[in-house]
Amino acid sequence: MPITDPVLTKRIPTAPWGDPKDRHTVHYEEFVRTDGYKGLEAALDRKPADLVEEVKAAVLRGRGGAGFPCGLKWSFLPEPDGGRRYLAINCDEAEPGTFKDRLLVDFDPHQVLEGIAIACWACQLDTAYFFIRGEYHHQAKVFERAIQEAYENGIFGGNGLLRGKVDFKVDCYLHRGAGAYICGEETGLLEAVEGKRGWPRIKPPFPAVKGLFGRPTIVNNVETLAAVVPILEHGVDWWKDHGCESSSGGAPSYGTKLMGVSGHVERPGVYECDLGIPLRKLVEDLCGGMRNGKRFKGAIAGGVSMGVLGPDQFDAPMDFDIGQYDVMGLGTACPTVFDEDTDMVAVARNIARFFKNESCGQCTPCREGSGWILKLISRIERGAGTTRDLDLLLEIAGSMGLTPGTTICGLADGNNWAVRTIVNKYRGEFEARVKPQFIPVTVNSSA
Ligand SMILES: Cc1cc2nc3c(=O)[nH]c(=O)nc-3n(C[C@H](O)[C@H](O)[C@H](O)COP(=O)(O)O)c2cc1C
Ligand code: SF4
């Protein structure tokens, strides 16, 4: 069954299970009335190490874009040494076309807080920083209020988690970003929380060993932490009944996932689905099909950094093996769909402008390459480019992404995947815009 009863959005009316017009923010009383914080209560009866093992057994893959298994990441933490240990929650959500974390924060913030409290207990982290993108003004207010309600009801602070049920006190703070995409990269985020410019750090050391203020830190996406709650509530077997095994021999794609669909579909929105649902089914069964009955031309797979699925890849399953379709990965599983009228050269230019503006400038290939890519695509779009520009475009993109260690973070590789997949999959559209390059032949007149 590709579509399931919702668990992450069980309190958020979402098609086809409810009418989005009935949505409202679930405050503390309603959350508790609908079994909220029961998962935390059960988790506090268990040993932290057992919880880490359970999340590991569920193979919960990170929902922030990289898909790294959450339990495995948690197990990289060193043993507590009496000093501070941090949880940094990534709600930067600045990837174009991605708007799934916002749904949870807007309407069910306590589910996220419950996941945060469980993660803090499981990993023995005493301080949580919720990093929220600068543009989420309303969501920051909603979440700030939810944190306050959680304090007033003894979830955080006081004598320990859940009104002193365990002698382990956790503090939770909200930290607002200032509008830079790069602060979503986990080490850029850590720098920003420390009050510095959001420049990604060279890894290793990884945050689990040396993160915020030089101390052990786990960085997790909002949805990843929200998913911990139903895993503990329903059990690992239930979680594994949703989603699919890997078709390439890699890690499986278990569980349900929030998929935010935008672009040329009849009903854009966030839909909770089992991982593995084919994009076509997502669009046709849940989003009401292509807008105005037009034909599918392609889709950004899950955030622009992942690259683009071509016209013949509508049936690609939305799972962590989607890389087989020549995209980088599933990313945030939030596809932007294009219909037959879309100008893919303009799409490429728009994406290139985004990456140029958002490069933090630390690494030469990214800082210079993103500028050159934008110049070349703009020239091609104006009809002033040549065939040589097309080759140069691919050469520059390749130099930004294909060699591991060329740059500090993944932004440059995201730029490479976006440009490369659009040019390769829609090459005809680019070729129609360029003039053939005249290569002069040098004739030795003295011969
Ligand atoms: C340029 C860039 C931007 C990113 N933006 C986000 C983001 O907005 N939200 C997010 O959760 N992860 C983002 N990530 C991924 C994070 O670095 C990190 O992998 C993630 O927060 C880890 O959480 P997870 O394991 O729970 O997915 C970004 C990565 C890169 C390279
Ligand atoms: S790859 Fe780009 S965004 Fe990432 S650190 Fe280097 S210059 Fe900054």
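Guide: Welcome! A residue is near a molecule or strand if its C-beta atom, placed from the backbone, lies within 6 Å of it. This is a predicted model, where local features need pLDDT of at least 70, side-chain atom pairs count only at pLDDT 80 or more, and totals for chains, interfaces and linings use all residues. Residues are numbered from 1 along each chain as its sequence is written, while chains are lettered from A and ligands numbered from 1 in the order in which they are written.

Visitor: Which residues come nearest to ligand 2?

Guide: Ligand 2 has 14 residues around it. H14 and helix H16 (411–425) are the elements that give two or more of them; helices (H or I, at least four residues) and strands (E, at least two) are DSSP runs, numbered from the N terminus. The nearest residues are Cys360, Cys363, Cys366, Thr407 and Cys409.

Visitor: How do the residues around ligand 2 divide by class?

Guide: Ala, Val, Leu, Ile, Met, Phe, Trp, Tyr, Cys and Pro count as nonpolar, Asp, Glu, Lys and Arg as charged, and the others, Gly among them, as polar. On that basis the shell around ligand 2 has 9 nonpolar, 4 polar and 1 charged residues.

Visitor: And ligand 1: which strand gives the most to its shell?

Guide: Here 23 residues surround the ligand, and Gly62, Gly64, Gly184, Asn221 and Thr224 come nearest. By class, the shell has 8 nonpolar, 9 polar and 6 charged residues. The top contributor, with 3 residues (within 217–221), is strand E4.

Visitor: Which domains each supply at least three residues to the shell around ligand 1?

Guide: An automatic or database domain assignment sets the bounds. It divides the protein into domain 1 (20–241), domain 2 (243–339) and domain 3 (344–431). At least three shell residues come from each of domain 1 and domain 3.

Visitor: What distance separates the centres of domain 1 and domain 2?

Guide: The centres are taken over C-alpha atoms. They are separated by 26 Å.

Visitor: Are H14 and H15 roughly parallel or roughly antiparallel?

Guide: Axes are lines fitted to C-alpha atoms, for helices over the stretch in contact, and angles run from 0 to 180 degrees between N-to-C directions. The axes of H14 (residues 364–382) and H15 (residues 387–401) come within 10 Å and cross at roughly 155°. Angles under 35 degrees count as roughly parallel, over 145 as roughly antiparallel, 65 to 115 as roughly perpendicular and the rest as oblique. H14 and H15 are therefore roughly antiparallel.
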